[in-house]
Amino acid sequence: MRIADIRVTPIAFRDPPLLNVWGVHEPWALRAIIEVELADGRVGLGESYGDLETLANLERVRPGLVGLSPFDLNALARVVYAAVGGDPDVGAPFPRTGDKARATAIAAFEVAFLDLQGQALGLPLHALLGGAVRPRVPYAAYLFYKFARHKDDPGYPADPWGEVLTHDQMVGAARRMIELHGFGSIKLKGGVFEPEFEIETLRALRRAFPDVPLRIDPNGGWSVATTRRVMPQLAEPGLLEYLEDPAGSLEEMGEIARFATMPLATNMVTIAFGHVPRTVELNAVQVILSDHHYWGGLRATQHLATIGRTFGIGISMHSNSHLGISLAAMTHVGATIPNLVYASDTHYPWQEDEVIEGGKLAIRDGCVDLLDGPGLGVRVDRAALARLHRAYLDCGIRVRDDAREMRKYDPSWNPSTPRF
Ligand code: GKR
Ligand code: MG
């Protein structure tokens, strides 16, 4: 059972004008779809980032994988290390390090290898990963402030969510998302407006949904002093489940942890195994949002969960704009992690395009049910893949740049953090 061919196809799909600390989402989000094919025609699938750096790394790795068995995950890692190289970067700060590039490449192919293993054994991926500990995996309603439409006409109709710039509009968006998908937790993407304004939005959400756990994530947009200033408001009883990445460095998060009255979460300061010792030393975060796409794959996510259990750190999962192959992979691994104690992030409800057969996976009662087909349990829709690849070729975006997009609305926009 040997790998005969590998295809990496960059795609672009429609993305709404969602706001964050760096700017606003562009009309097209990029991903790469990975197909690892055996001589008998069976195909394993992966989904990763579609920026030029990731594509170049995947391309460097690709030829070395032909001829391997999809069961040889250690050989996959060796090929990636040899092809991507780079510094060990242990403890290097966000963003991107050589460590992250290697972990990203391993993850992209590992999911496809595991998909093939599952197909060969007739087992769903969650069974291959040690067995499901829950019948479905919970996700959170991921709310963003947003513009009603993109600045330049992207050639497709505006999204159905409209403008979300006020507290009432945010409550409306939450209501719609909960009606559509039954979410039982809410995450507010912050770092867009003054913290006091965003806390007012949280209070409005709390009034509208008294029992739903709430989180806010300013993506490192607040200074330590600002976080200290607003802590009494954030600490209002029952307001927050956790506070995610108020500040952008591990040391600052450690400082905030000394006066925060709620758990701190991160997908920005602890993003590689090399960051874990310092994280623990500082007690900087109490929740790590894993992301198999850059932690090194599904097995690495399980390793991280074990480390979390060792140090009493809760585990959840982070997301970027993504499609169904990623959601399937997250759901399989999420089902196997006993200490996945928080509903995970997903941008999926914001996405209108899909690359898998049968269209979008369902999120019901805030959860994705386990996929029980062999392997990942999803297949690529070749016509959709060709259409979204065409969109990639046509859209002209090659690297995500939310700041460049924001400068179309505000030419003086400066994305440097902390903003507040
Ligand atoms: O999609 O705008 C966004 C998010 O801000 C994303 O870029 C982050 O990576 O979702 C992420 C987060 O939780 O920080
Ligand atoms: Mg985050």
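**Second largest pocket and a helix contact**

User: What makes the lining of the second largest pocket divide into nonpolar, polar and charged residues?

Analyst: The lining divides into 13 nonpolar, four polar and five charged residues, because Ala, Val, Leu, Ile, Met, Phe, Trp, Tyr, Cys and Pro count as nonpolar, Asp, Glu, Lys and Arg as charged, and the others, Gly among them, as polar. The model is predicted, with pLDDT of at least 70 needed for local features and 80 or more for side-chain atom pairs, while totals for chains, interfaces and linings use all residues. Residues are numbered from 1 along each chain, chains are lettered from A and ligands numbered from 1 as written, and side-chain values use heavy atoms, without hydrogens and water.

User: Which of the lining residues are closest to the centre of the second largest pocket?

Analyst: Of 22 lining residues (an atom within 4 Å of a pocket point), Tyr-81, Ile-106, Phe-273, Trp-295 and Gly-296 are the closest to the centre. The pocket has a volume of about 380 Å³.

User: Which elements give two or more residues to that lining?

Analyst: Helices H2 (73-84), H3 (98-121), H10 (292-295) and H11 do, a helix being a DSSP run (H or I) of at least four residues. H3 gives the most, with six residues.

User: Why is the second largest pocket said to lie between domain 1 and domain 2?

Analyst: Both domain 1 (3-123 + 382-394) and domain 2 (128-369) give residues to its lining, so the pocket lies between them.

User: Which residues make the contact of H11 with H12?

Analyst: With contact meaning heavy atoms within 4.5 Å, Leu-298, Thr-301 and Gln-302 of H11 meet Ala-329, Val-333 and Thr-336 of H12; these divide into three nonpolar, three polar and no charged.

Terms used
On a 1 Å grid over the protein atoms alone, a cavity is a set of points where a 1.4 Å probe fits but cannot get out, and a pocket is an open set with protein on both sides within 12 Å along at least five of seven lines; lining residues have an atom within 4 Å of a point. Grid points are joined across faces, edges and corners, and a volume is the space filled by probe spheres set on the points. Domain bounds come from an automatic or database domain assignment.
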